[in-house]
Amino acid sequence: MAHVLIVGCGYVGTALGLRLAAEQHVVWGLRRDVSKLPVAFKPVEADLTVPRTLSRLPQTDIVVFAAAPDRSDNESYAAIYLRGLEYTLAALEHSRHLPRRVFMISSTSVYGQSQGEWVDETSDTTPTQSSGQILLQSEALLRASGLPYTILRAGGIYGPTRTRLLTKVREGKATYPTDMVQYTNRIHRDDCAGALHHLMGLRNPDSLYIGVDSDPTDLKTVLTWLAAQLNASSPQALPSTSSARNTNKRCCNDKLLETGYTLRYPSFRDGYRAMLLQMKL
C-alpha cells in the first residue's frame with residue numbers, strides 16, 4: 001500500500017486517485033476547494049500560488065503534479081506550472097520525508113514541429129507557443145530538483161464533461177483549414193489516468209513518455225466523423241490560422257505501449273463513441 005499525494009486533484013488527478021483508492025492505496029488530494037474531492041480521498045486544502053499553504057504537506061511515497069490553470073493566458077500558466085511547481089518542490093525539499101518519485105503531467109505542446117512530422121521522446125523541443133515554452137521550463141524545474149521523476153507529455157485531454165468540440169460540431173461552428181492537413185493528437189482522460197497508474201506500478205519507469213492515443217488524425221477527418229455521428233451539418237472549411245500552422249505534428253506513443261500499457265480508447269472514434277453513448281443515457 002502506497003501513500004500518494006495528487007497535487008491539483010482535478011479532471012485527471014481525480015480519475016487517477018479513484019483507481020488508486022480502489023486498490024486500497026492512501027490518496028491525498030490537494031486542491032483549493034476540497035469539498036469537491038471524493039470521500040475516499042484525504043483532503044489537503046492548499047493554493048499552489050500561496051507558498052505558506054503548502055507548508056504541511058503529508059508524508060507520501062509518490063507525488064503526482066496534475067495541476068492545470070483555470071485560464072489559458074500566460075500568467076495563469078506561469079502561476080501554476082512555474083511558481084506552483086516551484087513552491088511544491090520547495091515544500092517537499094523542506095519536509096523530512098521525500099517521495100520516492102514525482103510524476104508530472106506535461107503536454108505535447110512542448111514540441112514545435114509544424115509540418116506534420118512524427119515526434120517522439122527524442123525529438124527536439126522548440127515550442128513556438130508560449131504555453132509550450134512555459135511547460136518546457138516547468139519540466140526543467142522538475143529535472144533540476146534532484147528527485148526521481150517521470151513526465152507524461154499528454155496530447156489534448158478529452159472525455160466526460162469536456163464536450164466543447166461536440167457542441168461546436170452540433171451547432172455547425174466547427175472549422176478545419178483548407179490550405180493544409182492539420183494533424184491533431186489527443187488522449188482520453190481515462191487513458192491519461194490509466195497510463196499514469198500503469199507507470200506508477202513499474203519498478204523503474206523512465207523519466208519521459210508521450211501520452212497520446214494511437215491515431216493522430218487530421219482535423220477534417222475528426223470533425224467530419226463527429227458530424228456524421230451527431231447528424232450535424234458538415235464542418236466548415238476556412239483558411240488556416242497561425243495556431244493551426246504552429247501545432248501540426250503527429251505524436252508517437254510507442255514508448256508508452258512498450259511498457260505494457262494497453263489503451264482503453266486507442267482512437268478518437270473509440271473515445272468519442274463512448275462519450276456519445278453515455279450522453280444518450
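## Exercises on helices, loops and burial

The buried residues of helix 1 are Tyr11, Val12, Gly13, Thr14, Ala15, Leu16, Gly17, Leu20 and Ala21, where buried means under 20% relative accessible area, exposed over 50% and partly exposed in between (1.4 Å probe, protein chains only). Helices (H or I, at least four residues) and strands (E, at least two) are DSSP runs, numbered from the N terminus.

The model is predicted, so that local features need pLDDT of at least 70 and side-chain atom pairs count only at pLDDT 80 or more, while totals for chains, interfaces and linings use all residues. Residues are numbered from 1 along each chain as its sequence is written, and side-chain values use heavy atoms, with hydrogens and water left out.

**Exercise 1. Decide how the radius of gyration of the protein compares with the globule rule.**

Begin with the inventory: the protein contains nine helices and 15 strands. Its radius of gyration, taken over C-alpha atoms, is 19 Å, close to the 19 Å that the globule rule gives for 281 residues, and therefore the protein is as compact as a globular protein of that length; the rule is 2.2 Å times the number of residues to the power 0.38. Along the principal axes, the C-alpha atoms fill a box of roughly 60 × 45 × 35 Å. Finally, 53% of the 281 residues count as buried, and residues 24 or more positions apart account for 78% of the contacts with a separation of 6 or more, a contact being heavy atoms within 4.5 Å.

**Exercise 2. Check the span of helix 1 against 1.5 Å a residue, then find what its buried residues pack against.**

The expected span of a helix is 1.5 Å times one less than its number of residues. Helix 1 (residues 11–22) has 12 residues and should span 16 Å, and its end C-alpha atoms are 17 Å apart, which agrees. Nine of the 12 residues are buried, so that helix 1 is mostly covered. These buried residues pack against several elements, including strand 1 (3–7), strand 2 (26–31), strand 5 (101–107) and helix 5 (189–200). Helix 5 also has 12 residues, reaching 17 Å from its first C-alpha to its last, and 12 of its 12 residues are buried.

**Exercise 3. Locate Gln24 and Thr161, and establish whether each is buried or exposed.**

Gln24 follows helix 1 and lies in the loop between helix 1 and strand 2. Its phi is positive, about 75°, although Gln24 is not a glycine, and with a relative accessible area of 57% it is exposed. Thr161 is placed in the loop between strand 8 and helix 4 (164–170); Thr161 likewise is not a glycine, yet has a positive phi of about 75°, and at 71% relative accessibility Thr161 counts as exposed.

**Exercise 4. Describe the surroundings of the loop residue Ala67.**

Ala67 is found in the loop between strand 4 and helix 2 (74–93), and because its relative accessibility is 7%, it counts as buried. Leaving aside neighbours within four places in sequence, Ala67 is in contact with Val7, Gly8, Leu48, Ile80 and Tyr81.

**Exercise 5. Identify what the buried residues of helix 3 pack against, and what follows the helix.**

Helix 3 (residues 130–144) has 15 residues and reaches 21 Å between its first and last C-alpha atoms, close to the 21 Å expected. Its buried residues, among them Ile134, Leu135, Leu136 and Leu142, pack against helix 2, strand 5 and strand 7 (149–154). Just after helix 3, Gly146 takes a positive phi of about 85°.
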